[in-house]
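Below are my notes on this entry, set out as numbered points. They deal with enclosed space, open pockets, two sheets and an aromatic contact.

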Amino acid sequence: MYKNLKKVILKHPKDAFISQEHLRNEWKRFNYINEPNYIKAHHEYEQFYALIKEHVAEIEFLPVSETVGLDSLYAHDPVKFTKDGAIILKSGKKLRQSEAQAYKQFLQEKNIPIIGELTGDAMSDGGDLVWLDDRTLLIGRGYRTNDEAIRQIKEMTKDLVDEFLVVQLPHDRGEEECLHLMSFISIVDENLAVVYSRLMPVFLRQLLIERGFQLIEVPEEEYHQLGCNVLALAPRVCMMVSGNPSTKEQLINAGATVYEYDGNEISYLGTGGPTCLTCPVVRG
C-alpha cells in the first residue's frame, strides 16, 4: 500500500455527482455531512487529479452509470486488488452494493484480471482491507465487512497471504457512519504508518510497534478532518486533505514528502479521503 503507484482507477465527480440538482436530491440519502457544491467539487478534483497525474503513469476512469450513486466517487471500495488481480466485493452499505457489478463489467472490458467475487451473504468494503506488507493482509470486521466475507476472502487469498489478521472494529459512531479499518490506519512506507490510536485495538498497535513501525499519531480534531486518510504515491511520498497541520508536520519530520489538496466537497462531506478516491491496481 506504500510502493510506487503505477496504475490507478478513479471516478470523476462529474460522473458520480452528475449535477447540483442530483446532489440536492441525494446527499441526505447517502448520509453526507452536507450538500456538496458541484462546481467546487470539480475544482477540488482538478487539484487532486493534477497530483495523481504527476506521480502515476496509468490512470483509468470509471464511466458514468445510472445504476450507481454519489458514493461511486470513492473508487477504492467496491474491489480490492491483489498482485494477481481484483476481488469483487459487495458493500456493507446497501446503497453501494450495485457498484460491484458496474465495476466488474468495467474491469472485464479493460482486461484487468479478477481472481474472485463475494457471493451469498458476504459483504465487505475495500476500506476494510489493508496490506501490511506483500504477504500480510489485515481485514476489519465491522458494520461494512461481515464474517462470511472474511471467510471467502481468506479462501481467495490463501496462496497470496502468509498472515491473515482479523481486526475487530469498534461501534464508534454507529452503523450509519462509515468506519473502515483504513479510517484509522494508513501505511505510507514499510515502517511508517499514520494512525488514530484511540480507535485501534491494542494487539494491532503492538503488532505495528513490534514490526518496527514508526507511528504518526493523528490528533482527534484532525482525525475528524480525515487527517488519518493518507495516500502513499510512493514510499514516504504522500497525499492528504489540507487542514491537518500536526499530521503533516509529523510526516515531514519523518522524512516524508507531503502533497495537499482542498477536499471539503469531494472528501470531507462524503467522508472519503485520498485513499478512498483512488483504487490502486498496480504498485511496485
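**Notes on the predicted model**

1. The lining of the second largest cavity consists of D77, P78, L89, K90, S91, R96, Q97, E99, A100, S124 and D125. The model is a predicted one, and the cavity in question has a volume of about 50 Å³. By class, 5 of its lining residues are charged, 3 are polar and 3 are nonpolar.

2. The cavities of 30 Å³ or more number 2. The largest cavity holds about 100 Å³ of space. Its walls are formed by M1, H76, M182, I185, S186, I187, V230, L231, A232, T275, P280 and R283. By class this lining divides into 8 nonpolar residues, 3 polar and 1 charged.

3. Which strands supply at least two residues each to the lining of the largest cavity? They are β9 (185-189), β12 and β15 (279-283). The largest share, 3 residues, comes from β9.

4. Turning to open space, the largest pocket has a volume of about 780 Å³. It is lined by 41 residues, and those closest to its centre are E177, C178, L179, S183 and T271. The lining divides into 15 nonpolar, 15 polar and 11 charged residues.

5. The second largest pocket has a volume of about 580 Å³. Its lining has 24 residues, with F81, T82, K83, W131 and R283 nearest the centre. Strands β3 (79-82), β6 (129-133) and β15 are the elements that give two or more residues to this lining. The largest share, 5 residues, is from β15. By class there are 12 nonpolar, 4 polar and 8 charged residues in the lining. R283 deserves a remark here: it is also listed in the lining of the largest cavity.

6. One open sheet has 3 strands in the order β3-β4-β5, and its pairing is mixed. β3 and β5 (114-117) are the edge strands; each has a single partner strand, so one side of each is left without a neighbour in the sheet. On average, neighbouring strands are turned by 20° against each other, direction ignored. Strand β4 (residues 85-88) runs parallel to β5, and 3 bridges join the two. Within β4 and β5, A86 stands opposite I114.

7. Two helices lie across strands of the sheet just described. Helix α4 (residues 99-109) lies across β3, β4 and β5, at about 160° to β5. Helix α5 (residues 147-156) lies across β4 and β5, and its angle to β5 is about 155°. E99 and A100, listed in the lining of the second largest cavity, fall within the residue range of α4.

8. A further open sheet of 3 strands has the order β12-β13-β14, again with mixed pairing. Its edges are β12 (231-234) and β14 (257-261); each has a single partner strand, so one side of each is left without a neighbour in the sheet. Neighbouring strands here are turned by 30° against each other on average, direction ignored.

9. How do the strands of this further sheet pair, and over how many bridges? β12 and β13 run antiparallel and are joined by 3 bridges, while β13 (residues 237-241) and β14 pair in the parallel sense over 5 bridges. V237 in β13 is the bridge partner of A234, and V237 also stands opposite T257 in β14. The hairpin of β12 and β13 has 2 residues between the strands, and R236 in this hairpin takes a positive phi near 60°.

10. Helix α3 (residues 38-55) lies across β12, β13 and β14 and runs at about 145° to β14. An aromatic contact belongs to the same picture. The model has 5 aromatic pairs. One of them is F48 with Y261: the ring centres are 5.3 Å apart and the planes stand at 65°, so the pair is edge-to-face. F48 is in helix α3 and Y261 in strand β14, so the pair ties together parts that are 213 residues apart in sequence.

Definitions and conventions. Residues numbered from 1 in each chain as written. Predicted model: local features only at pLDDT ≥ 70, side-chain atom pairs only at ≥ 80, totals over all residues. Heavy atoms only, no water. Pairing = 2+ DSSP bridges. Helix = DSSP H or I, 4+ residues; strand = E, 2+ residues; numbered from the N terminus. Axes fitted to C-alpha atoms, helices over the stretch in contact; angles between N-to-C directions. Contact = heavy atoms within 4.5 Å. 1 Å grid on protein atoms, 1.4 Å probe; cavity = no way out; pocket = protein on both sides within 12 Å on 5 of 7 lines; lining within 4 Å. Points joined across faces, edges and corners; volume = space filled by probe spheres on them. Nonpolar A, V, L, I, M, F, W, Y, C, P; charged D, E, K, R; others polar. Phe/Tyr/Trp six-rings, centres within 6.5 Å; stacked < 30°, edge-to-face > 60°.
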